[in-house]
Amino acid sequence: MGTNERGLRFATIIGAGPGGIATAIALKNAGIDDFVVLERAGTVGGTWTNNRYPGLCCDVPSLVYGFSYEQKVDWSKPFAPQPEIRRYVQDVADKYGVTPHVRFEAKVTSAEWDETQGAWTITTEDGWTTSSRVLISALGMFNRLHWPEIRGLQEFAGTTVHSAGWPEGGVDVAGKAVAVIGTAASAVQMVPELAKEAGSLQVYQRTANWIFPKEDTVYTAEQLEEFRRDPASLEGPRAEIVDYFEALVTYDQPALIEDLRAGAMENLAQVKDPDLRRKLVPTVPIGAQRPLFSSTFYATLNEDHVELITEPISHITPGGIVTADGRERAVDVLIAATGYDTSRFLSVIEVTGREDRTLNEEWAHGAYAFKGITVPGFPNLFMLYGPNTNNGSIIWMLEMQADYIAGKLRQIRDEDLHAIEVRADVTEAYNEGLQSDINAIEAWRTTGSRYYRAASGRIVTQWPGNMAAFRRLLAEPDDGAYVKTPSTRSAFAVAGA
């Protein structure tokens with residue numbers, strides 16, 4: 001059992017993934033050293049620790065998937081694999097002094113605001129509690145696994161695994177009948193690897209996705225040595241990647257979209273059977289779903305022991321999967337490649353703000369926040385990778401958010417504030433404008449964009465601009481957007497200030 005921690009620290013960060021690490025570094029740069037990072041796993045890394053399925057790799061070029069102040073120049077290939085990214089994140093945490101602040105195997109279950117104290121009480125799964133003036137969530141979008149709602153799933157007698165809950169020791173698929181439910185991000189990376197060992201592989205598709213080719217040839221030893229010797233040589237290619245994605249992510253450049261469409265259809269042409277190929281043609285606009293990249297997924301579907309199944313699943317039996325046409329296929333290993341409940345964000349834990357109102361109640365019709373970072377009624381609470389902040393290179397987006405949050409913490413420290421809280425009217429106006437901008441993007445208006453939407457239908461994940469626009473947003477002076485409550489006690493001393 002855990003114990004109560006005495007004293008009141010300045011800040012608590014939930015999550016030791018890239019967002020938590022970026023925030024810890026930003027706080028240190030601001031002269032704030034009195035903070036703890038609570039991490040449910042036994043090591044830092046976030047999604048790159050929690051995910052480890054076969055074939056997992058970065059889905060944006062590695063040149064733009066790194067902290068701006070710690071660029072890695074010798075990634076093994078253009079889209080780095082999970083073990084390499086995990087090591088990189090750990091190295092950054094160690095180098096910048098974040099790791100000593102981390103309390104591992106500390107899964108946060110609740111956080112409650114105490115108005116009298118002007119502090120958050122945070123409780124972990126083992127009963128340990130701590131009090132902190134500021135609570136910062138670096139949980140992001142990828143926390144709660146989304147399992148498919150299929151009758152009989154719990155009765156399946158074989159091995160059942162979720163792609164985001166892959167055992168550290170792996171899953172034995174050699175020579176077995178393997179079924180993968182889903183054909184989105186994790187499946188596209190996983191299926192070519194599983195096909196190398198499985199005796200048979202069933203791939204169940206609900207919606208065809210746009211899958212773009214990926215140039216991912218492993219760098220030679222000579223290339224890597226050149227990158228290390230002359231890191232400046234990568235600045236040009238990095239800038240080109242940034243410029244391309246900055247133009248693309250707003251989906252308002254017809255020429256770019258047509259180029260993507262042509263590349264995707266050329267990629268799809270790898271599928272030899274015309275009937276099978278027709279089943280794989282997307283019916284939603286480019287951008288309506290999460291973009292996927294693979295040059296091997298389609299080729300894998302040509303293999304004799306691999307079957308794409310588009311007939312809806314009726315139910316699951318102890319020995320297999322039954323589709324709507326009544327056919328049952330035997331299965332030994334069932335893999336749910338169905339992702340996360342991406343619309344939950346911080347509400348995956350019980351967060352209680354002013355007047356005993358919970359974040360779940362506040363977000364009943366879909367998550368929202370001011371600039372994606374803070375919510376009215378929840379003082380001294382900030383989020384990274386919160387509602388409507390998903391676009392571009394997430395690490396760069398996280399850096400911007402971390403710097404913004406550090407600025408607010410400097411205000412709390414320097415002005416000795418009891419609380420700082422965003423105004424409800426400002427937040428409402430911000431989100432009205434945000435949703436208007438989102439609805440102006442034709443690809444996102446389609447019902448095909450399930451990945452992005454809350455149950456209410458509102459898009460809660462996507463930022464409707466590029467990274468430069470987000471940087472400008474966070475740079476705008478917004479002191480008037482907040483209500484500041486002065487402290488009635490003596491100035492709070494922040495360690496390291």
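**Exercise 1. Determine how the residues lining the largest cavity divide by chemical class, and which elements supply them.**

The lining of the largest cavity divides into 5 nonpolar residues, 1 polar and 1 charged, where Ala, Val, Leu, Ile, Met, Phe, Trp, Tyr, Cys and Pro count as nonpolar, Asp, Glu, Lys and Arg as charged, and the others, Gly among them, as polar. This is a predicted model, in which local features need pLDDT of at least 70 and side-chain atom pairs count only at pLDDT 80 or more, while totals for chains, interfaces and linings use all residues. Residues are numbered from 1 along each chain as its sequence is written, and side-chain values use heavy atoms, with hydrogens and water left out.

Step one is to list the lining, which consists of D59, A185, V188, Q189, P291, L292 and F293. Step two is to assign elements: α4 (185-194) and β11 (292-293) each give two or more residues, and the largest share, 3 residues, comes from α4.

**Exercise 2. Establish whether E421 is buried or exposed, and which side chain joins it in a polar contact.**

First, E421 is located in strand β19 (residues 417-422), a strand being a DSSP run of E with at least two residues, just as a helix is a run of H or I with at least four, both numbered from the N terminus. Next, its relative accessible area is 14%, so E421 is buried (under 20%, with exposed over 50% and partly exposed in between, for a 1.4 Å probe and protein chains only). Finally, the side chains of E421 and R354 are joined by a polar contact of 2.6 Å (a pair of N or O atoms within 3.5 Å; within protein, one must be able to donate a hydrogen and the other to accept it, and residues adjacent in sequence count only if both atoms are side-chain atoms).

Technical notes:
1 Å grid on protein atoms, 1.4 Å probe; cavity = no way out; pocket = protein on both sides within 12 Å on 5 of 7 lines; lining within 4 Å.
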